[in-house]
Amino acid sequence: MPRTGAGLTREKVLTSAVEMADVEGIETLSMRRLGARLGVEAMSLYRHVTGKDDLLDGMVDGVFAEIELPVDETGWRPALRRRAISTRAALARHPWAVGLLESRRSPGPATLRHHDAVLGTLRGAGFSVELAAHAYSVLDAYVYGFALQERSLPLDSARGTAELARSIMAGLSPGEYPHLVELAVQHVLQPGYDFGNEFGFGLDLVLDGLDRARSRPDRPA
């Protein structure tokens, strides 16, 4: 028989919701199923969260709390690089959060602290308010987009990727799609290939571009 919820806290509710979403996906999350997971009636949860939106707000805030805040001790670029890598790692742990991090209308303290720290790092490095907004947007678009692409890959290991590439190539006629074959043979099928390694290359391109934009004396407002 479900318990009444004695001893239950908001932290326990949010932690259980995150664990459930990590394993089963966000689409399976409901107050009823979460209550069953915690061994309580769904109504007991409303003592700690006001509803599904409040639950999602807290879950997203928990993910932001896991992301390393940029500390501008060695320069804005390495600080934001570490922050991007930490964000990707958090999204790998919580793939359900990819489309939710910027969706909340009532952001929590960790979310606000995170955004303020990123903007503070950019402003401290000489980015104008407008350019800081552009920089934040393009950085997150890249990180979130890469995380989403990683999540949608049909295979999650280098060996599996190589086997898939060979399988696709085996069904092609000689000379068909030569550039794809070239990419597979000279890159994907090479020892040590890992799609995840592309992340750092693209991130440095973004940071290079932002550095040039920051340094241009004639940059547009």
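Guide: Welcome! Let's start with a definition: rings of Phe, Tyr and Trp (its six-membered ring) pair if their centres lie within 6.5 Å. Please keep in mind that the model above is predicted.

Visitor: Thanks! How many aromatic pairs does a search of the whole structure find?

Guide: It finds five.

Visitor: What makes the pair of Tyr142 and Phe199 stacked?

Guide: A pair of aromatic rings is described by the distance of the centres and the angle of the planes. For Tyr142 and Phe199 the centres are 5.5 Å apart and the planes are at 20°. The limits are 6.5 Å for pairing and under 30 degrees for stacking, so these two rings form a stacked pair. The pair links distant parts of the chain, as Tyr142 sits in helix α7 and Phe199 in helix α10, 57 residues apart.

Visitor: How do you know whether Tyr142 is buried or exposed?

Guide: Its relative accessibility is 18%. Buried means under 20%, so Tyr142 counts as buried. Its partner Phe199 has a relative accessible area of 3% and is therefore buried as well.

Visitor: And why is the pair of Phe146 and Phe195 called stacked?

Guide: Their rings are 5.0 Å apart, centre to centre, with 5° between the planes. Under 30 degrees counts as stacked, and therefore this pair gets that name. Phe146 belongs to helix α7, while Phe195 lies in the loop between α9 and α10, 49 residues away in sequence. Phe146 and Phe195 are both buried. Ring pairs join Tyr142, Phe146, Phe195 and Phe199 into a cluster.

Visitor: Let's turn to the helices. Why is α1 called roughly perpendicular to α2?

Guide: The axes of α1 (residues 10-24) and α2 (residues 31-38) come within 10 Å and cross at roughly 105°. Angles of 65 to 115 degrees count as roughly perpendicular, so α1 is roughly perpendicular to α2. On the α1 side, the contact is made by Lys12, Val13, Ser16, Ala17, Glu19, Met20 and Glu24, and on the α2 side by Arg33, Leu34, Arg37 and Leu38. By class, that contact has five nonpolar, one polar and five charged residues.

Visitor: What makes Gly99 exposed?

Guide: Gly99 is in the loop between α5 and α6. Exposed means over 50%; Gly99 has 63% relative accessibility, so it counts as exposed. Between Gly99 and Leu112 there are 18 Å in space, C-alpha to C-alpha, and 13 residues in sequence.

Visitor: How do you know that Asp57 counts as buried?

Guide: With 12% relative accessibility, Asp57 falls under the 20% limit, so it is buried. Asp57 is placed in helix α4 and touches Arg104 and Ser106, leaving out residues up to four places away in sequence.

Visitor: Why does Ser86 count as buried?

Guide: The reasoning is similar: Ser86 has a relative accessibility of 14%, under the 20% limit, and so counts as buried. Ser86 is in helix α5, and its contacts beyond four places in sequence are Glu66, Ile67 and Glu68.

Visitor: Which residues touch the most other members of the largest nonpolar core?

Guide: Leu55, Met59 and Phe127 do, in a core of 56 residues. Helices α1, α2, α4, α5, α6, α7 and α10 each supply at least two of its residues, and α7 gives the most, with ten. Leaving aside neighbours within four places in sequence, Phe127 is in contact with Trp76, Leu122, Ala132, Ala135, Leu210 and Arg214. In soluble globular proteins, nonpolar side chains tend to be buried together.

Conventions: Residues are numbered from 1 along each chain as its sequence is written. This is a predicted model: local features need pLDDT of at least 70, side-chain atom pairs count only at pLDDT 80 or more; totals for chains, interfaces and linings use all residues. Side-chain values use heavy atoms; hydrogens and water are left out. Axes are lines fitted to C-alpha atoms, for helices over the stretch in contact, and angles run from 0 to 180 degrees between N-to-C directions. Helices (H or I, at least four residues) and strands (E, at least two) are DSSP runs, numbered from the N terminus. Angles under 35 degrees count as roughly parallel, over 145 as roughly antiparallel, 65 to 115 as roughly perpendicular and the rest as oblique. Contact means heavy atoms within 4.5 Å. Ala, Val, Leu, Ile, Met, Phe, Trp, Tyr, Cys and Pro count as nonpolar, Asp, Glu, Lys and Arg as charged, and the others, Gly among them, as polar. Buried means under 20% relative accessible area, exposed over 50%, partly exposed in between (1.4 Å probe, protein chains only). Rings of Phe, Tyr and Trp (its six-membered ring) pair if their centres lie within 6.5 Å; planes under 30 degrees apart count as stacked, over 60 as edge-to-face and the rest as tilted. A nonpolar core is a set of buried Ala, Val, Leu, Ile, Met, Phe, Trp, Tyr and Cys residues joined through side-chain atoms within 4.5 Å.
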